[in-house]
Amino acid sequence: MAVFSPFGGAVMLLIGGLLSAPSLRLVASFPVARSEVSSDRLVDLTHTLDSSTIFWPNIPAPYGNFTLETLDDTLSDQGYYYRSKAFRAAEHGGTHVDAPSHFAKNGSDTGQLPAEQFFGPAIVIDVTQKVKLNPDYQVTREDINEHESRHGRIPSGAFVFMNSGWTSKWPDRVKVFGSADPANVSSLHYPSVHSNTTHFLIKERDIRGLGVDTPSVDAAPRDNAHPGTHIALADSNRIALENVANLNKMPAAGAFVLVLPMKIAGGSGGPVRILGVLSQ
(Lines give C-alpha, C1' and ligand atoms only; values in the text may rest on other atoms or scores of the structure.)
Protein backbone atom coordinates (compact mmCIF):
# COMPACT_ATOMS: atom_id res chain seq x y z
CA MET A 1 0.00 0.00 0.00
CA ALA A 2 1.42 3.40 -0.97
CA VAL A 3 0.78 6.39 1.28
CA PHE A 4 1.36 9.95 0.10
CA SER A 5 1.70 13.24 1.94
CA PRO A 6 2.77 16.82 1.20
CA PHE A 7 4.98 16.71 4.27
CA GLY A 8 7.93 15.02 2.57
CA GLY A 9 9.64 11.72 3.25
CA ALA A 10 9.65 8.36 1.45
CA VAL A 11 6.97 5.94 0.37
CA MET A 12 6.70 2.49 1.97
CA LEU A 13 4.96 -0.55 0.50
CA LEU A 14 4.13 -3.23 3.04
CA ILE A 15 3.42 -6.82 2.06
CA GLY A 16 2.81 -9.29 4.87
CA GLY A 17 4.43 -6.79 7.26
CA LEU A 18 7.71 -6.77 5.31
CA LEU A 19 9.18 -4.35 2.80
CA SER A 20 8.84 -5.73 -0.71
CA ALA A 21 11.67 -5.42 -3.23
CA PRO A 22 9.73 -2.86 -5.33
CA SER A 23 9.18 -0.74 -2.24
CA LEU A 24 12.91 -0.45 -1.68
CA ARG A 25 13.32 0.98 -5.16
CA LEU A 26 10.45 3.43 -4.56
CA VAL A 27 11.62 4.69 -1.17
CA ALA A 28 13.78 7.44 -2.64
CA SER A 29 11.29 8.37 -5.35
CA PHE A 30 7.99 9.30 -3.74
CA PRO A 31 6.73 11.60 -0.96
CA VAL A 32 5.13 9.84 2.01
CA ALA A 33 3.25 10.33 5.23
CA ARG A 34 5.66 10.42 8.14
CA SER A 35 4.92 9.67 11.76
CA GLU A 36 5.86 13.18 12.83
CA VAL A 37 6.16 16.71 11.53
CA SER A 38 8.66 19.14 13.02
CA SER A 39 6.90 21.48 15.45
CA ASP A 40 8.42 24.53 13.78
CA ARG A 41 6.40 23.67 10.67
CA LEU A 42 3.06 23.63 12.50
CA VAL A 43 1.00 26.75 13.21
CA ASP A 44 -1.98 26.42 15.53
CA LEU A 45 -4.73 28.58 14.02
CA THR A 46 -7.14 27.92 16.89
CA HIS A 47 -8.28 29.94 19.89
CA THR A 48 -8.51 27.86 23.08
CA LEU A 49 -12.03 27.02 24.26
CA ASP A 50 -12.52 28.33 27.79
CA SER A 51 -14.73 30.64 29.84
CA SER A 52 -13.50 33.67 27.84
CA THR A 53 -14.45 32.20 24.44
CA ILE A 54 -16.52 34.56 22.33
CA PHE A 55 -19.83 33.45 20.79
CA TRP A 56 -22.16 35.26 18.41
CA PRO A 57 -24.01 37.81 20.59
CA ASN A 58 -27.62 36.71 20.12
CA ILE A 59 -27.10 33.04 21.01
CA PRO A 60 -29.52 32.41 23.90
CA ALA A 61 -28.39 31.51 27.40
CA PRO A 62 -26.93 29.22 28.57
CA TYR A 63 -25.36 28.28 25.23
CA GLY A 64 -23.56 31.56 24.53
CA ASN A 65 -20.73 30.59 26.85
CA PHE A 66 -18.36 27.66 27.03
CA THR A 67 -18.77 25.79 30.31
CA LEU A 68 -16.79 22.81 31.54
CA GLU A 69 -18.11 20.83 34.48
CA THR A 70 -16.35 18.12 36.46
CA LEU A 71 -18.18 14.80 36.58
CA ASP A 72 -15.53 12.84 38.42
CA ASP A 73 -12.16 13.71 39.94
CA THR A 74 -11.01 10.94 42.24
CA LEU A 75 -8.19 8.68 43.33
CA SER A 76 -9.49 5.12 43.15
CA ASP A 77 -9.09 2.49 45.86
CA GLN A 78 -6.71 0.73 43.47
CA GLY A 79 -4.43 3.75 43.47
CA TYR A 80 -5.00 5.20 40.00
CA TYR A 81 -6.36 8.65 39.25
CA TYR A 82 -9.54 9.26 37.20
CA ARG A 83 -11.02 12.50 35.84
CA SER A 84 -14.06 13.07 33.59
CA LYS A 85 -15.77 16.30 32.50
CA ALA A 86 -18.69 17.54 30.42
CA PHE A 87 -18.84 20.68 28.30
CA ARG A 88 -21.71 22.80 27.01
CA ALA A 89 -21.64 25.37 24.22
CA ALA A 90 -23.37 26.49 21.05
CA GLU A 91 -21.88 25.36 17.73
CA HIS A 92 -20.86 28.83 16.57
CA GLY A 93 -18.33 30.16 19.04
CA GLY A 94 -14.57 30.49 19.25
CA THR A 95 -12.67 29.09 16.29
CA HIS A 96 -15.39 27.15 14.49
CA VAL A 97 -16.65 25.81 11.19
CA ASP A 98 -19.89 26.75 9.45
CA ALA A 99 -21.22 23.73 7.58
CA PRO A 100 -23.29 24.34 4.43
CA SER A 101 -26.43 23.43 6.40
CA HIS A 102 -25.92 26.61 8.46
CA PHE A 103 -27.33 28.66 5.56
CA ALA A 104 -28.71 26.07 3.12
CA LYS A 105 -31.76 23.98 3.99
CA ASN A 106 -30.43 20.94 2.14
CA GLY A 107 -26.74 21.64 2.65
CA SER A 108 -24.36 19.09 4.14
CA ASP A 109 -24.08 19.03 7.92
CA THR A 110 -20.83 18.55 9.82
CA GLY A 111 -21.38 14.81 9.96
CA GLN A 112 -21.83 14.54 6.19
CA LEU A 113 -18.86 16.54 4.93
CA PRO A 114 -16.20 14.29 3.37
CA ALA A 115 -12.73 14.14 4.89
CA GLU A 116 -11.07 15.44 1.72
CA GLN A 117 -12.91 18.73 2.21
CA PHE A 118 -10.76 19.49 5.26
CA PHE A 119 -7.29 19.71 3.72
CA GLY A 120 -5.75 21.93 1.08
CA PRO A 121 -3.35 24.74 0.20
CA ALA A 122 -3.57 27.80 2.46
CA ILE A 123 -3.76 31.28 0.93
CA VAL A 124 -3.62 34.29 3.26
CA ILE A 125 -4.87 37.67 2.04
CA ASP A 126 -3.36 40.37 4.25
CA VAL A 127 -5.58 43.45 4.67
CA THR A 128 -4.22 44.64 8.02
CA GLN A 129 -3.23 48.09 6.75
CA LYS A 130 -6.58 48.68 5.06
CA VAL A 131 -8.43 47.60 8.19
CA LYS A 132 -6.58 50.22 10.23
CA LEU A 133 -8.31 52.84 8.10
CA ASN A 134 -11.68 51.09 7.97
CA PRO A 135 -12.71 48.49 10.60
CA ASP A 136 -15.66 47.49 8.36
CA TYR A 137 -13.37 46.69 5.44
CA GLN A 138 -14.46 43.89 3.11
CA VAL A 139 -12.00 41.89 1.03
CA THR A 140 -12.40 42.84 -2.64
CA ARG A 141 -11.53 41.40 -6.04
CA GLU A 142 -8.72 43.96 -6.13
CA ASP A 143 -7.21 42.39 -3.01
CA ILE A 144 -7.27 39.00 -4.75
CA ASN A 145 -5.68 40.48 -7.88
CA GLU A 146 -2.93 42.12 -5.82
CA HIS A 147 -2.22 38.86 -4.02
CA GLU A 148 -2.05 36.85 -7.23
CA SER A 149 0.24 39.40 -8.88
CA ARG A 150 2.76 38.79 -6.08
CA HIS A 151 2.26 35.12 -5.26
CA GLY A 152 0.68 33.49 -8.30
CA ARG A 153 -2.79 32.20 -9.08
CA ILE A 154 -4.80 30.74 -6.19
CA PRO A 155 -4.82 26.96 -6.74
CA SER A 156 -7.98 24.91 -7.03
CA GLY A 157 -9.01 23.35 -3.73
CA ALA A 158 -7.38 26.06 -1.61
CA PHE A 159 -8.58 27.58 1.63
CA VAL A 160 -8.48 31.36 1.39
CA PHE A 161 -8.05 33.27 4.66
CA MET A 162 -8.45 36.94 5.44
CA ASN A 163 -5.80 38.24 7.86
CA SER A 164 -7.05 41.52 9.29
CA GLY A 165 -4.96 41.51 12.46
CA TRP A 166 -8.06 40.81 14.56
CA THR A 167 -6.31 38.02 16.50
CA SER A 168 -4.63 40.70 18.62
CA LYS A 169 -8.06 41.73 19.99
CA TRP A 170 -8.97 38.26 21.28
CA PRO A 171 -10.62 37.62 23.76
CA ASP A 172 -11.75 41.21 24.44
CA ARG A 173 -15.42 40.98 23.50
CA VAL A 174 -15.86 44.72 22.95
CA LYS A 175 -12.82 44.92 20.67
CA VAL A 176 -13.61 41.72 18.75
CA PHE A 177 -17.15 42.90 17.97
CA GLY A 178 -16.13 46.54 17.55
CA SER A 179 -18.94 47.72 19.80
CA ALA A 180 -19.48 48.72 23.41
CA ASP A 181 -22.84 46.95 23.17
CA PRO A 182 -22.26 43.63 21.35
CA ALA A 183 -25.76 42.42 22.23
CA ASN A 184 -27.00 44.96 19.68
CA VAL A 185 -25.81 43.19 16.53
CA SER A 186 -26.59 46.23 14.37
CA SER A 187 -23.83 48.09 16.24
CA LEU A 188 -21.03 45.62 15.39
CA HIS A 189 -17.94 46.58 13.38
CA TYR A 190 -15.35 44.09 12.05
CA PRO A 191 -13.74 43.20 8.70
CA SER A 192 -15.20 40.52 6.42
CA VAL A 193 -15.27 39.30 2.81
CA HIS A 194 -17.48 40.93 0.18
CA SER A 195 -19.95 38.51 -1.38
CA ASN A 196 -18.79 39.44 -4.91
CA THR A 197 -15.29 38.33 -3.92
CA THR A 198 -16.65 35.09 -2.51
CA HIS A 199 -18.57 34.32 -5.71
CA PHE A 200 -15.39 34.91 -7.71
CA LEU A 201 -13.32 32.62 -5.47
CA ILE A 202 -15.92 29.87 -5.76
CA LYS A 203 -16.57 30.08 -9.49
CA GLU A 204 -13.18 31.14 -10.84
CA ARG A 205 -10.75 29.65 -8.30
CA ASP A 206 -12.72 26.64 -7.04
CA ILE A 207 -11.76 27.22 -3.41
CA ARG A 208 -12.53 24.59 -0.79
CA GLY A 209 -13.33 27.01 2.01
CA LEU A 210 -13.06 30.58 3.25
CA GLY A 211 -11.69 31.66 6.64
CA VAL A 212 -11.51 34.91 8.61
CA ASP A 213 -9.92 36.03 11.87
CA THR A 214 -13.12 37.91 12.79
CA PRO A 215 -16.52 36.78 14.11
CA SER A 216 -18.09 36.33 10.67
CA VAL A 217 -17.26 35.98 6.98
CA ASP A 218 -20.12 38.43 6.35
CA ALA A 219 -20.28 42.07 7.38
CA ALA A 220 -22.12 43.03 10.56
CA PRO A 221 -25.90 42.66 10.08
CA ARG A 222 -26.82 46.33 9.85
CA ASP A 223 -29.79 47.67 7.88
CA ASN A 224 -31.02 44.16 7.04
CA ALA A 225 -27.72 43.33 5.33
CA HIS A 226 -27.79 40.18 3.22
CA PRO A 227 -25.41 37.40 4.42
CA GLY A 228 -24.19 36.90 0.86
CA THR A 229 -20.87 35.23 1.62
CA HIS A 230 -22.42 32.66 3.94
CA ILE A 231 -25.10 31.88 1.36
CA ALA A 232 -22.65 31.60 -1.55
CA LEU A 233 -20.49 29.15 0.40
CA ALA A 234 -23.46 27.12 1.63
CA ASP A 235 -25.14 26.92 -1.78
CA SER A 236 -21.91 25.55 -3.28
CA ASN A 237 -21.40 23.09 -0.38
CA ARG A 238 -18.28 24.83 0.90
CA ILE A 239 -17.33 25.66 4.48
CA ALA A 240 -16.62 28.87 6.35
CA LEU A 241 -14.08 29.17 9.18
CA GLU A 242 -14.52 32.00 11.68
CA ASN A 243 -12.41 33.42 14.52
CA VAL A 244 -9.29 31.84 13.03
CA ALA A 245 -6.18 32.62 15.12
CA ASN A 246 -2.54 33.41 14.33
CA LEU A 247 -2.87 34.05 10.60
CA ASN A 248 -0.01 36.53 10.97
CA LYS A 249 2.24 33.48 11.45
CA MET A 250 1.27 32.00 8.09
CA PRO A 251 2.89 32.83 4.73
CA ALA A 252 0.84 34.43 1.96
CA ALA A 253 1.11 31.20 -0.05
CA GLY A 254 2.95 27.89 -0.06
CA ALA A 255 1.57 26.35 3.17
CA PHE A 256 -1.18 23.81 3.71
CA VAL A 257 -4.01 23.75 6.22
CA LEU A 258 -5.67 20.88 8.06
CA VAL A 259 -9.19 21.53 9.39
CA LEU A 260 -10.42 19.15 12.11
CA PRO A 261 -14.05 19.84 13.10
CA MET A 262 -16.14 17.73 15.43
CA LYS A 263 -18.13 15.23 13.34
CA ILE A 264 -21.62 16.06 14.58
CA ALA A 265 -24.55 14.34 12.86
CA GLY A 266 -27.02 17.06 11.91
CA GLY A 267 -24.69 19.83 13.06
CA SER A 268 -24.73 23.23 11.35
CA GLY A 269 -21.19 23.86 12.58
CA GLY A 270 -18.98 23.22 15.55
CA PRO A 271 -15.65 23.74 17.28
CA VAL A 272 -12.65 23.10 15.05
CA ARG A 273 -8.90 22.67 15.46
CA ILE A 274 -7.09 24.22 12.51
CA LEU A 275 -3.43 23.51 11.83
CA GLY A 276 -1.28 25.32 9.32
CA VAL A 277 1.55 23.19 7.87
CA LEU A 278 4.51 25.19 6.56
CA SER A 279 6.50 23.95 3.59
CA GLN A 280 10.01 22.62 4.16
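Modeller: Let's start with rings: those of Phe, Tyr and Trp (its six-membered ring) pair if their centres lie within 6.5 Å. Please keep in mind that this is a predicted model.

Biologist: Thanks! Which residues do ring pairs link into a cluster here?

Modeller: Trp-56, Phe-177 and Tyr-190 are linked into a cluster by ring pairs.

Biologist: And how many aromatic pairs does the structure hold?

Modeller: There are 4 aromatic pairs. One of them joins Phe-66 and Phe-87; planes under 30 degrees apart count as stacked, and these two rings are stacked, with 25° between the planes and 6.0 Å centre to centre.

Biologist: Which parts of the chain does that pair tie together?

Modeller: Phe-66 sits in the loop between strand E3 (42-44) and strand E4 (67-75), while Phe-87 belongs to strand E5, so the pair ties together parts that are 21 residues apart in sequence.

Biologist: Is Phe-66 buried or exposed? And what about Phe-87?

Modeller: For this we need the cut-offs: buried means under 20% relative accessible area, and exposed means over 50%. Phe-66 counts as buried because its relative accessibility is 12%. Phe-87 has a relative accessible area of 51%, so Phe-87 is exposed.

Biologist: Where else can I look for a stacked pair?

Modeller: Try Phe-119 and Phe-256, which are stacked at 5.4 Å centre to centre, with 5° between the planes. Phe-119 is in strand E7 and Phe-256 in strand E13 (residues 255-261), so this pair ties together parts that are 137 residues apart in sequence. Phe-119, at 25% relative accessibility, counts as partly exposed, and so does Phe-256, at 27%.

Biologist: Back to Phe-87: which surface patch does Phe-87 help make?

Modeller: Together with Leu-68 and Met-262, Phe-87 makes a nonpolar surface patch of about 300 Å².

Biologist: Now the interior. How many residues are in the largest nonpolar core?

Modeller: The general idea is that in soluble globular proteins, nonpolar side chains tend to be buried together. In this model the largest nonpolar core has 31 residues, and Ile-154, Val-160 and Leu-201 have the most contacts inside it. Elements giving two or more residues to this core include strand E9 (159-163), helix H4 (173-177) and helix H5 (195-205). The largest share, 3 residues, comes from H5.

Biologist: What does Leu-201 touch?

Modeller: Leaving aside residues up to four places away in sequence, Leu-201 touches Ile-144, Ile-154, Val-160, Asp-206, Ile-207 and Leu-210. Apart from the largest core lies another core, of 21 residues, among them Leu-45, Ile-239, Val-244 and Val-272.

Terms used. Residues numbered from 1 in each chain as written. Predicted model: local features only at pLDDT ≥ 70, side-chain atom pairs only at ≥ 80, totals over all residues. Heavy atoms only, no water. Patch = residues over 30% accessible without salt bridge, like charges linked within 9 Å, V, L, I, M, F, W, Y side chains within 5 Å. Areas by Shrake-Rupley, 256 points an atom, 1.4 Å probe, with all protein chains shown as cover. Salt bridge = Lys/Arg side-chain N within 4 Å of Asp/Glu carboxyl O. Core = buried A, V, L, I, M, F, W, Y, C linked by side-chain atoms within 4.5 Å. Buried < 20%, exposed > 50% of the residue type's maximum accessible area, 1.4 Å probe, protein only. Helix = DSSP H or I, 4+ residues; strand = E, 2+ residues; numbered from the N terminus. Contact = heavy atoms within 4.5 Å. Phe/Tyr/Trp six-rings, centres within 6.5 Å; stacked < 30°, edge-to-face > 60°.
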